[in-house]
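Work through the exercises below with the sequence and the structure at hand, and try each task before you read its solution.

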Amino acid sequence: MDLDHFAGLLSAQLRRPAEPVEKQLAALKRLSFLVSSELEAHFLAHPESYEDPAYLSLLCRLAQDAPGQALVTTPESPDPDAMYRHLLEDLSALTGGSPALAGGELSPAVDGVRPLAFTLDGTPCRYDAQDLGAWLDMGLLTHLNGLLAQRGEKKRFLIVDDIRLPGQLVFFRSPQWAGFFTAATGLTAAEA
């Protein structure tokens, strides 16, 4: 991506207008997000905290309180040897356990690569993660999507990258759903 294109994307993200919480909640419900009555009451009682940036604040809170619907990744970890294990646990929770992801054991780095061993529904898998120290190689999501495609799975890991997020916002939904999400929220969701 060239610098001008990146600057345009950044500018568009920062200029996104605030939206009333009621409108955001209605859109998320149409997209099949489940919001508890307690959490909805909280959002409506504190609209100033959730109107800007539109949808991002709501989705981050939803990821925290209802982790089976969305995940906000933490790109840097204080425990690099366990960071992939934690990520795979979070992704498995996002899938509802179907497919199930487990493991996350890293081998020592060789030529800048750390082999990652994990299982997908009990089948042993491997990903050659870039050795980024305490940072996750998020190419793992792309690799997982490839494995899911090979198995005929209809859902994929979808991501939203936004400068205002600490990491990436991740969903486990169909690629078609990503188009509806983007149209409803103005946030770009795409396959990892």
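Begin with a residue in a loop: Pro20 is partly exposed, with 43% relative accessible area, and this proline belongs to the loop between α1 (3-14) and α2. Please keep in mind throughout that the model is a predicted one.

**Exercise 1. Distance along the chain and distance in space**

Task: Find how far Pro20 and Asp52 are from each other, both in sequence and in space.

Solution. Counting along the chain, Pro20 and Asp52 are 32 residues apart. Turning to the model, the C-alpha atoms of Pro20 and Asp52 are 8.9 Å apart. For a second pair, take Leu101 and Ala18, which are 83 residues apart along the chain and whose C-alpha atoms are separated by 37 Å.

**Exercise 2. The order of strands in a sheet**

Task: Work out in which order the four strands of the open sheet are arranged, and which of them are the edge strands.

Solution. As general background, the strands of a sheet pair through hydrogen bonds of the backbone, and they may do so in a parallel or an antiparallel way. Start with β1 (residues 71-72), which is joined to β6 by two bridges, the two strands running antiparallel. Within this pair, Leu71 has Val170 as its bridge partner, while Val72 stands opposite Leu169. Next, take β5 (residues 156-161), which pairs with β6 over six bridges, again in the antiparallel sense. Here Ile159 has Val170 of β6 as its bridge partner, and the two strands β5 and β6 form a hairpin with six residues between them. Putting the pairs together gives the order β1-β6-β5-β7, with antiparallel pairing. The edge strands are β1 and β7 (190-191), since each of these pairs on one side only.

**Exercise 3. A strand and its surroundings**

Task: Decide whether the two faces of β6 are covered or open, and name the helices that lie on the sheet.

Solution. Look at one side of β6, where Gln168, Val170 and Phe172 are buried, and then at the other side, where Leu169, Phe171 and Arg173 are buried, so that both faces are covered. Because six of the six residues of β6 (residues 168-173) are buried, this strand is largely enclosed by the rest of the structure. Now add the helices: α5 lies across β1, β5 and β6, and runs at about 45° to β6. Helix α7 (residues 175-185) also packs on the sheet, where it touches β5, β6 and β7, and its direction makes about 25° with that of β5.

**Exercise 4. Two helices that cross**

Task: Describe how α3 and α4 are placed relative to each other, and which residues make their contact.

Solution. First find the axes of α3 (residues 37-45) and α4 (residues 56-65), which come within 12 Å and cross at roughly 150°. An angle over 145 degrees counts as roughly antiparallel, and α3 and α4 are therefore roughly antiparallel to each other. The crossing of these two helices is right-handed. On the side of α3 the contact is made by Leu39, His42 and Phe43, and on the side of α4 by Leu58, Arg61, Leu62 and Asp65. Sorted by class, the contact of α3 with α4 has four nonpolar residues, one polar residue and two charged residues.

**Exercise 5. Backbone details in the loops**

Task: Locate the cis peptide bonds at Pro53 and Pro99, and then examine Ser32 and Tyr55, whose phi values are positive.

Solution. Begin with the bond from Asp52 to Pro53, which is cis with omega near 5°, and note that Pro53 is in the loop between α3 and α4. The bond from Ser98 to Pro99 is also cis, with omega near 5°, and Pro99 is in the loop between α5 (83-95) and β2 (101-106).

For the phi angles, Ser32, which is not a glycine, has a positive value near 75°, and this serine is in the loop between α2 (21-30) and α3. Tyr55, likewise not a glycine, has a positive phi of about 70° and lies in the loop between α3 and α4. To compare their surroundings, recall that buried means under 20% relative accessible area: Tyr55 has 0% and is therefore buried, whereas Ser32 has 48% and counts as partly exposed.

Notes:
Residues numbered from 1 in each chain as written. Predicted model: local features only at pLDDT ≥ 70, side-chain atom pairs only at ≥ 80, totals over all residues. Heavy atoms only, no water. Buried < 20%, exposed > 50% of the residue type's maximum accessible area, 1.4 Å probe, protein only. Pairing = 2+ DSSP bridges. Axes fitted to C-alpha atoms, helices over the stretch in contact; angles between N-to-C directions. Parallel < 35°, antiparallel > 145°, perpendicular 65-115°, else oblique. Left-handed = near helix turned anticlockwise from the far one by under 90°. Contact = heavy atoms within 4.5 Å. Nonpolar A, V, L, I, M, F, W, Y, C, P; charged D, E, K, R; others polar.
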